[in-house]
Amino acid sequence: MAVMYRKAMDALYLACVVIAGVALVLISAVIPWAVFTRYVIKRAASWPEPMAVLLTLALTVLCAAACYRL
């Protein structure tokens with residue numbers, strides 16, 4: 001039973017790390033897009049800032065959980 005629990009927690013840890021990494025990559029793509037639309041196209045998109053905030057929250061929570069597990 002303990003072995004199954006440890007394997008499940010390892011899988012959950014890996015999922016947290018992968019999702020946090022994806023969130024970081026998406027943040028790195030969303031912020032330049034917001035800058036591009038605001039200053040180059042002169043028509044700011046409304047979605048990049050809230051999405052970046054939500055991705056930052058997800059990144060923070062998942063990284064905190066992964067760090068606690070590690």
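Let's start on the outside of this predicted model, where Ile-31, Trp-33, Val-35, Phe-36, Tyr-39, Val-40, Ile-41, Trp-47 and Met-51 come together as a nonpolar surface patch. Their combined accessible area is about 880 Å². The biggest share of the patch comes from helix 1, which supplies five residues. Another member, Val-40, sits in the loop that runs between helix 1 and helix 2. Val-40 counts as exposed because its relative accessibility is 54%, and the cut-off for that word is over 50%.

Now let's step inside. The largest nonpolar core has seven residues: Cys-16, Ala-20, Ala-23, Ile-27, Leu-55, Leu-59 and Leu-62. Helix 1 and helix 2 are the elements that each give two or more residues to this core, and helix 1 gives the most, with four. To see how the core is joined up, follow Leu-59: setting aside neighbours within four places in sequence, Leu-59 is in contact with Ala-20, Ala-23, Leu-24 and Ile-27.

Our last stop is a charged pair. Side chains of opposite charge can pair when their charged atoms come close. Here the count is one salt bridge, and it joins the side chains of Arg-69 and Asp-10, with 2.5 Å from N to O. The pair ties together distant parts of the chain, 59 residues apart: Arg-69 belongs to helix 2 (residues 48–69) and Asp-10 to helix 1 (residues 2–39). Are these two partners buried, exposed or in between? Arg-69 has a relative accessible area of 34%, so it is partly exposed. Asp-10, at 39% relative accessibility, is partly exposed as well.

How values were computed. Residues numbered from 1 in each chain as written. Predicted model: local features only at pLDDT ≥ 70, side-chain atom pairs only at ≥ 80, totals over all residues. Heavy atoms only, no water. Salt bridge = Lys/Arg side-chain N within 4 Å of Asp/Glu carboxyl O. Buried < 20%, exposed > 50% of the residue type's maximum accessible area, 1.4 Å probe, protein only. Patch = residues over 30% accessible without salt bridge, like charges linked within 9 Å, V, L, I, M, F, W, Y side chains within 5 Å. Areas by Shrake-Rupley, 256 points an atom, 1.4 Å probe, with all protein chains shown as cover. Core = buried A, V, L, I, M, F, W, Y, C linked by side-chain atoms within 4.5 Å. Contact = heavy atoms within 4.5 Å.
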